[in-house]
Amino acid sequence: MAAGGSGTAGRKAGDSSIMAGAENPIAVIGASRGTGLQCIMYIAKQKLHCRAISRDPVACEKAVSSKLPANLRIYVTYQKADVTEPKSLPPALRGCRGVIFAATATAGWRLPFYEYKDTPPHVDFEGCVAAANAAAAQGVSRFVLISSLSITRPSHPMHMV
């Protein structure tokens, strides 16, 4: 896995804002696909350091590497964590200056939902609460929640309300 770099190529040595970025990345939870992957791409293209957090960091790194030019990959590090396992979150968020929560359930609504950990109640609700609590415990100053409700399904009953 890429360990990231200092990100100082082409910049003045001693520029504290560069080093602060490397030491205090922006964490993106759910970074291996969809909106989370797009967030990683955008942050790295701005030459800001980010930490791609996912359940499978190897697959996440492959996804990022397939879309991000090699010269920008130095801005991305990878960390394994699972929002349905709250104890995995504090180490993943340690030292981050902000968190973007873009994780979402991939299993959809299955009944009974309590038997499946990759469902909206466990990921989109409990996982988000666990991530926010972990971020607060780590002293992270900003937490951004990205959410949508059947945005790709205009005929969904929630759009009728």
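Q: How many helices and strands are there in the protein chain?
A: There are five of each: five helices and five strands. An element earns its label as a DSSP run, with H or I over at least four residues for a helix and E over at least two for a strand, numbered from the N terminus. Read from the N terminus on, the order is α-β-α-β-α-β-α-β-α-β. Keep in mind that this is a predicted model: local features need pLDDT of at least 70, side-chain atom pairs count only at pLDDT 80 or more, and totals for chains, interfaces and linings use all residues. Residues are numbered from 1 along each chain as its sequence is written, and side-chain values use heavy atoms, with hydrogens and water left out.

Q: What makes the five strands an open sheet, and in which order do they come?
A: The order is S3-S2-S1-S4-S5, with parallel pairing. Strand S3 (76–80) and S5 are the edge strands, since each pairs on one side only. Two strands count as paired if DSSP finds at least two bridges between them. On average, neighbouring strands of this sheet are turned by 20° against each other, direction ignored.

Q: How do you know that S1 pairs with S2?
A: Count the bridges: four of them join S1 to strand S2 (residues 50–54), and the two run parallel. The cut-off is at least two bridges, so S1 and S2 qualify as a pair. Alanine 52 in S2 is the bridge partner of valine 28, and isoleucine 53 in S2 is that of isoleucine 29.

Q: Which hand does the crossover from S1 to S2 have?
A: The chain goes from S1 through helix H2 (residues 34–45) to S2, and this β-α-β crossover is right-handed. That name applies if, with the strands pointing away from the viewer, the path from the first strand over the helix to the second runs clockwise.

Q: How do you know that S4 pairs with S1 and with S5?
A: Bridges again: four join S1 to S4, and three join S4 to S5. Both pairs run parallel. On the S1 side, isoleucine 26 stands opposite glycine 98 in S4, and valine 99 in S4 is the bridge partner of alanine 27. Valine 99 also stands opposite phenylalanine 143 in S5.

Q: Which residues of S1 and S4 are buried, and which way do they point?
A: From S1, Ile26 and Val28 point one way, Ala27 and Ile29 the other, and all are buried (under 20% relative accessible area, 1.4 Å probe, protein chains only). In S4, Gly98 and Ile100 point one way, Val99 and Phe101 the other, and again all are buried. Over the protein chain, buried residues make up 39% of the 161 residues.

Q: Why is glycine 34 called partly exposed?
A: Its relative accessible area is 45%. Exposed means over 50%, and partly exposed lies between that and the buried limit, so glycine 34 gets the middle label. Glycine 34 is found in helix H2. From alanine 103, glycine 34 is 69 residues away in sequence but 9.1 Å in space, C-alpha to C-alpha.

Q: What do the buried residues of H2 pack against?
A: They pack against S1, S2, H3, S3 and S4. The residues in question are Gly36, Leu37, Cys39, Ile40, Met41, Ile43 and Ala44. Lysine 47, with a positive phi near 60°, follows H2.

Q: How do you know that the span of helix H5 agrees with expectation?
A: H5 (residues 120–137) has 18 residues, and its end C-alpha atoms are 24 Å apart. The expected span is 1.5 Å times one less than the number of residues, which gives 26 Å for H5, so the two agree.

Q: Where is the kink in H5 centred?
A: The kink, of about 35°, is centred on glycine 127. The bend at a residue is the angle between axes fitted to the seven residues ending there and the seven starting there. Gly127 is also one of the buried residues of H5, among them Cys128, Ala130 and Ala131.

Q: What do the buried residues of H5 pack against?
A: Their partners are strand S1 (26–29), helix H4 (89–93), strand S4 (98–101) and strand S5 (143–145). Contact here means heavy atoms within 4.5 Å. Past H5 comes glycine 139, whose phi is positive, near 80°.

Note on methods
Axes fitted to C-alpha atoms, helices over the stretch in contact; angles between N-to-C directions.
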